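Hello,

Here is the structure I promised to send over. Have a look at it first, and then read on for what I found.

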Amino acid sequence: MPQLNLSILGTRLKGVDLEIMRLARKRMELALLVGASKQTTGDPIFRSEIEDDRIAEIRVFAESIDLSPNFAESMLYALIGESCKQQMIQLQSGDSVVQPQDAEERLKWCKKNLLELAKVVSATDHQLRFAEYPATADYAVYEGEVIQEVVSRVEVAGVAVDLGCGKGNIFPWLSPKFDVVRGYDISPDMIAAAQGQFPKGKFEVADLDEGIPLEDESASMIVMGLGSASNLSSAENLFREVQRVLRPGGRFVLSFHNSEALMYESSYVPVHNGWAAFIDVDEECLNVKVAGKTYRIHATPYSLQQIDDMVPKGLVIEGKNSYPVVSSLVPRVILKNTTVTKKISEIDRTLSDTNQGAYLLVTGKKE
Ligand SMILES: C[S@@+](CC[C@H](N)C(=O)[O-])C[C@H]1O[C@@H](n2cnc3c(N)ncnc32)[C@H](O)[C@@H]1O
């Protein structure tokens, strides 16, 4: 058997160490949630009986996997110690990681985070960002195909509207067909980037929680991509506004985060996956990673049933797909290989009717 050299073994050790640190980081996140809960219940930070039980259990587990129980105990003790320290800092700073409880305060907090995030993303190279997050990139390709298919079915050109347009990534799919493409986004930085990239588009700052700033029956197509429909405070309002603004026969494509996605069943396990953002389902928060920092913004994931229940009279749903299933679950390293990614995408397309994918793409028209 060929002997592995120290450099290869060193690389492998480093890989394992990184995973251990990722797990430790996840434990600290959970510890801060526990800390915030203790602040409301008044429970002490260190609860010796509970920690003792946990340590006793870990000793038994360590033996069962042929690991020294003493080593396992000391490791867990270090983790518990750091968790208690973080909870103490949290308590003393009065700065809870948990979002504000008051609904209005929470929305303000989320929007402040969103504007900070948008500033950073607007200045980031789109292709480089997607290269780092292959599952997000794969979804965007799928979504583009769906949008183009729906565009081809719009009979009267006229005005197309991109809601939550960001830097205008959807513009190229709309501009060949429509006379005017309008884009709205809450972030002035995103709007400036979109206008700079696509001078022919009409981009404006607007908070879509306050409605779509357009006249009744003035648009032939409305798109809201990359899960943005979940960012609004009410999807019900969004559907009502789509119904109001679309002209009869006009079409829509709305993308939501899917609350029934398979990926949320084990979301507490920190797989180094291919997503730029993941939902904290318990808190309706979307954690978006950019330049080493995580921003927490509002996002409500929906089930297909919830969406069916909120579609107003006059709008007809034509397509309900969810995407992707497999690439939402696999570690990022698997998606680095483009041949494998292509084949996984093919499988994910066959699974798009299973309702288990990360995003829900809802398409339809106004009667
Ligand atoms: C996931 S990004 C999608 C960007 C773009 N559609 C794309 O496909 O690349 C969501 C966008 O929605 C915008 N957004 C979120 N909440 C909004 C709101 N209440 N009003 C307007 N825009 C909003 C964000 O600023 C961000 O640019």
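Strand 7 (residues 285–290) and strand 8 are joined by six bridges and run antiparallel. This is a predicted model, so please read everything below in that light. Two of the facing positions are easy to find: Cys285 stands opposite His298 of strand 8, and Val288 stands opposite Tyr295, also in strand 8. The hairpin that these strands make has two residues between them, and Ala291 takes a positive phi there, near 45 degrees.

The hairpin belongs to an open sheet of three strands, in the order 6-7-8, with antiparallel pairing. Its edges are strand 6 (277–280) and strand 8 (293–298), each of which pairs on one side only. From one strand to the next, the twist averages 30 degrees. Helix 4 (residues 103–122) lies across strand 7 and strand 8, and its direction is at about 135 degrees to strand 8.

Now to the other sheet. Seven strands make up this open sheet, and their order is 3-2-1-4-5-10-9, with mixed pairing. Strand 3 (202–205) and strand 9 (315–323) are at the edges with a single partner strand each, so one side of each has no neighbour in the sheet. Here the twist averages 15 degrees from one strand to the next.

Within the seven-stranded sheet, strand 1 (residues 159–163) pairs with strand 4 (residues 219–224) in the parallel sense, over three bridges. In that pair, Asp162 stands opposite Val223 of strand 4. Helix 9 (residues 235–245) packs on the sheet and touches strand 4, strand 5 (246–257), strand 9 and strand 10 (359–366). The direction of helix 9 makes about 155 degrees with that of strand 5. Helix 8 (residues 188–197) lies across strand 2 and strand 3, running at about 170 degrees to strand 3.

There is also a helix pair to look at. Helix 1 (residues 6–41) packs against helix 3 (residues 69–93) at an angle of about 45 degrees, and their axes are 9 Å apart. That angle is why helix 1 counts as oblique to helix 3. The crossing of helix 1 past helix 3 is right-handed. On the helix 1 side, the contact is made by Ala24, Arg27, Met28, Ala31, Leu32, Gly35, Lys38 and Gln39. Helix 3 brings Leu79, Glu82, Ser83, Gln86, Gln87, Gln90 and Leu91 to the contact. By class, the residues of this contact are six nonpolar, six polar and three charged.

Last comes the ligand. Which residues come nearest to the ligand, of the 22 around it? They are Gly164, Gly166, Asn169, Ile186 and Leu208. Helix 4 and strand 2 (180–185) are the elements that give two or more residues to the shell. Helix 4 is thus worth finding again in your viewer, as the helix that lies across strand 7 and strand 8. The shell around the ligand divides into eleven nonpolar, eight polar and three charged residues.

Happy to go through any of this with you.

Best wishes

Key
Residues numbered from 1 in each chain as written. Predicted model: local features only at pLDDT ≥ 70, side-chain atom pairs only at ≥ 80, totals over all residues. Pairing = 2+ DSSP bridges. Helix = DSSP H or I, 4+ residues; strand = E, 2+ residues; numbered from the N terminus. Axes fitted to C-alpha atoms, helices over the stretch in contact; angles between N-to-C directions. Contact = placed C-beta atoms within 7 Å. Parallel < 35°, antiparallel > 145°, perpendicular 65-115°, else oblique. Left-handed = near helix turned anticlockwise from the far one by under 90°. Nonpolar A, V, L, I, M, F, W, Y, C, P; charged D, E, K, R; others polar. Near = placed C-beta within 6 Å.
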